[in-house]
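Colleague: Could you take a close look at one part of this model for me, the place where two helices meet, and explain carefully how they are arranged and what lies between them?

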Amino acid sequence: MSKDTIADILTSIRNADMNGKIRVRIACTKISENIVKILLREGFIENTRKHKERNKEFLVVTLQQSLQYIGNRKGRSRKIFNMKQVSRPSLRIYSNYQEIPRVLGGMGIVILSTSRGIMTDREARLQKIGGEILCYIW
């Protein structure tokens, strides 16, 4: 794990999704908990739970699955989603509520860190607050 926890979260979920894994373990921090709650609320992941192992807490994230029928065979397919980190430790990107970008015309979400906590772009626009743009998810 590096010092950039947001990059670690996004990379872990992206790698597990590309490799067809069902579950992924993420180090439990306040930022990771809030980001995972947003992903759960928006329907990008299926479930999450805390797991404690040797005095360290982890979040076990269950990724989204769907059944797909191909001909006569029934198989599992994955709802693949893309993530892009915007703000980095070396280059912070801030935006006011009027200039928050829309991902795929509103189909995706932007996760922001505001003075009132970590939230999506829709919530920030409703509360008329801006902040640091953490990542895009679509």
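Modeller: In this predicted model, the part to look at is the pair formed by helix 1, which covers residues 5-18, and helix 2, which covers residues 30-42, whose axes come within 10 Å and cross at roughly 40 degrees. Because of that angle, helix 1 counts as oblique to helix 2, since the oblique class takes in angles that are not under 35 degrees, not over 145 and not in the range from 65 to 115. The crossing also has a hand, and as helix 1 passes helix 2 that hand is right-handed.

If you now turn to the residues that make the contact, you will find T5, I6, I9 and I13 on the side of helix 1, and these meet I31, S32, I35 and L39 on the side of helix 2. Sorted by character, the residues of this contact divide into six nonpolar and two polar, with no charged residue among them.

To place this pair in the whole chain, it helps to follow the order of elements, which runs α-β-α-β-β-β-β-β-β-β-β-α-β along the sequence, giving three helices and ten strands. The chain has 138 residues, of which 40% count as buried, and its accessible surface comes to about 8800 Å², with 49% of that belonging to carbon and sulfur atoms. Finally, among the contacts in the chain between residues at least 6 apart in sequence, 55% join residues that are at least 24 apart.

Terms used: Residues are numbered from 1 along each chain as its sequence is written. This is a predicted model: local features need pLDDT of at least 70, side-chain atom pairs count only at pLDDT 80 or more; totals for chains, interfaces and linings use all residues. Side-chain values use heavy atoms; hydrogens and water are left out. Axes are lines fitted to C-alpha atoms, for helices over the stretch in contact, and angles run from 0 to 180 degrees between N-to-C directions. Helices (H or I, at least four residues) and strands (E, at least two) are DSSP runs, numbered from the N terminus. A crossing is left-handed if the near helix is turned anticlockwise from the far one by less than a right angle, and right-handed if clockwise. Contact means heavy atoms within 4.5 Å. Ala, Val, Leu, Ile, Met, Phe, Trp, Tyr, Cys and Pro count as nonpolar, Asp, Glu, Lys and Arg as charged, and the others, Gly among them, as polar. Buried means under 20% relative accessible area, exposed over 50%, partly exposed in between (1.4 Å probe, protein chains only). Accessible areas come from the Shrake-Rupley method with a 1.4 Å probe; for residues, only the protein chains shown count as cover.
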